[in-house]
Amino acid sequence: MNDQDNNPLSPEQMAQALDQHPDYKVLRRLVPRHEFNPSKPGQMLQRGVVLDTETTGLNVDADQVIELGMIVFEFDPVLGTVHRVVDVFDELEDPLRPIPPETTAVHHITDEMVRGKTIDDAKVNAIVNAAAVVIAHNASFDRPFVEKRWPVFQDKHWACSIRDIDWKGEGISSAKLEFLMQTQGIFYEAHRAETDCWALLELLTALLPQSQQPALLTLLESLNQPQVRLYATGSPFDSKDALKARGYRWAPEIKCWHRTLSTEKALQEELDWLKRKVYQGKRASVEVETLGGTVRHSQRQGEKTIHPL
């Protein structure tokens, strides 16, 4: 028996050894951090909120929030650096009706867990009022739900860590939060609001592979970009497959395909594509809806204009 047998490697030592081998990648469990970067004297910091919800279902008109998680953090709006966590909020709410079993199977929140509980509206309002930006992973889902329950969210600038970062352009094939965390060497138990918030906050500190800037900075820059929603009004029926493949979504309430774009260049390219591939060079007009930071990722309408092709 040698000395190594008497002194076995610790799990971390084994992980470090595997990390150095080209045939292995090691994942470590997410450990929530409250301190990230020390602030400097005179540094002007703002407060942001990362947010996640669990609901009774997917329909904002029929379903309700049963868990709201928020982490309040300080950040530098110029550098896009996260500095420290200043508050953590996670509360459950009774929807006053049974939670569908298929929904409980996803987030594991039961009727017994929420019975008689109510989310503190005053605390929610205080947190949101002090925030410069709200960030969610798939904000187009969370934002309509929380705006319906707490109108204070309507006047805030929102960023979406799925749609406001070009993950494919950064060389990452999926925008699913669990996958993105694995690219950082981290795993966690998903689908509870507070845990997902901790994961998202950690992701915001990551350097993007191609741009080599913090993910948070990219989201903050997106707030100044003229995001628009383009409606392919009156598009021929036989163009539906091409539109779907291009990334358009069908809006049944207005019977129209639409796509959200983040830059003026992307809008012009899309208008050219529609003219050539959908309307076949024929005279046509499409509708463009401008989405400011307080409207984007919500179900509320922005300013609409008609663009002839």
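Q: Does Glu 74 count as buried, partly exposed or exposed, and at what relative accessibility, buried or exposed being the opposite ends?
A: Let's start with a single side chain in this predicted model. The cut-off for buried is under 20% relative accessible area. Glu 74 has 16% relative accessibility, so Glu 74 counts as buried.

Q: Which residue forms a salt bridge with Glu 74?
A: The pair links distant parts of the chain, with Glu 74 in strand S3 and its partner in strand S4, 10 residues apart. The closest N and O atoms of the bridge are 3.1 Å apart. The partner counts as partly exposed, at 36% relative accessibility. That residue is Arg 84.

Q: Which residues are joined with Glu 12 into one network?
A: Glu 12 meets Arg 28 in a side-chain salt bridge of 2.9 Å, N to O. Glu 12 lies in helix H2 (residues 11-19) and Arg 28 in strand S1 (residues 28-29), so this pair ties together parts that are 16 residues apart in sequence. Salt bridges that share partners join Glu 12 into one network with Asp 19 and Arg 28.

Q: How many residues apart in sequence are the parts that Asp 63 and Arg 97 tie together?
A: Asp 63 and Arg 97 form a salt bridge, with the closest N and O atoms 3.4 Å apart. Asp 63 sits in the loop between S2 and S3, while Arg 97 sits in the loop between S4 and H3, so the parts they tie together are separated in sequence by 34 residues.

Q: Is Asp 63 buried or exposed?
A: Its partner Arg 97 is partly exposed, with a relative accessible area of 32%. For Asp 63 the relative accessible area is 12%, and the limit for the lowest class is under 20%. Asp 63 is therefore buried.

Q: How far away from Asp 196 is the nearest side chain of opposite charge?
A: Asp 196 lies in helix H8 (residues 193-204). Asp 196 is buried yet has no salt bridge. A salt bridge needs a nitrogen within 4 Å of a carboxyl oxygen, and the nearest side chain of opposite charge, Arg 192, is away by 8.4 Å.

Q: Which residues lie nearest the centre of the second largest pocket?
A: This pocket has a volume of about 610 Å³ and is lined by 26 residues. Asp 196 touches, among others, Asp 52, Glu 54 and His 191, and these names come up again here. Nearest the centre lie Asp 52, Thr 53, Glu 54, His 191 and Asp 196.

Q: Which element gives the most to the lining of the second largest pocket?
A: The elements that give two or more residues to this lining are strand S2 (46-55), helix H3 (101-107), helix H6 (139-149), helix H7 (177-183) and H8. By class, the lining has 11 nonpolar, eight polar and seven charged residues. With five residues, the element that gives the most is S2.

Q: Why is helix H9 largely enclosed by the rest of the structure?
A: The buried residues of H9 pack against strands S3, S4, S5 and S6 and against H8. Among these buried residues are Ala 215, Leu 216 and Ser 222. Helix H9 (residues 215-222) is largely enclosed because, of its eight residues, the number buried is seven.

Q: How many salt bridges does the structure hold?
A: Side chains of opposite charge can pair when their charged atoms come close. The bridge between Glu 74 and Arg 84 is one of those described above. For the structure, the total is 19.

Technical notes:
Residues numbered from 1 in each chain as written. Predicted model: local features only at pLDDT ≥ 70, side-chain atom pairs only at ≥ 80, totals over all residues. Heavy atoms only, no water. Helix = DSSP H or I, 4+ residues; strand = E, 2+ residues; numbered from the N terminus. Buried < 20%, exposed > 50% of the residue type's maximum accessible area, 1.4 Å probe, protein only. Lys, Arg positive; Asp, Glu negative; His and termini not counted. Contact = heavy atoms within 4.5 Å. 1 Å grid on protein atoms, 1.4 Å probe; cavity = no way out; pocket = protein on both sides within 12 Å on 5 of 7 lines; lining within 4 Å. Points joined across faces, edges and corners; volume = space filled by probe spheres on them. Nonpolar A, V, L, I, M, F, W, Y, C, P; charged D, E, K, R; others polar. Lists of a residue's contacts leave out its neighbours within four places in sequence.
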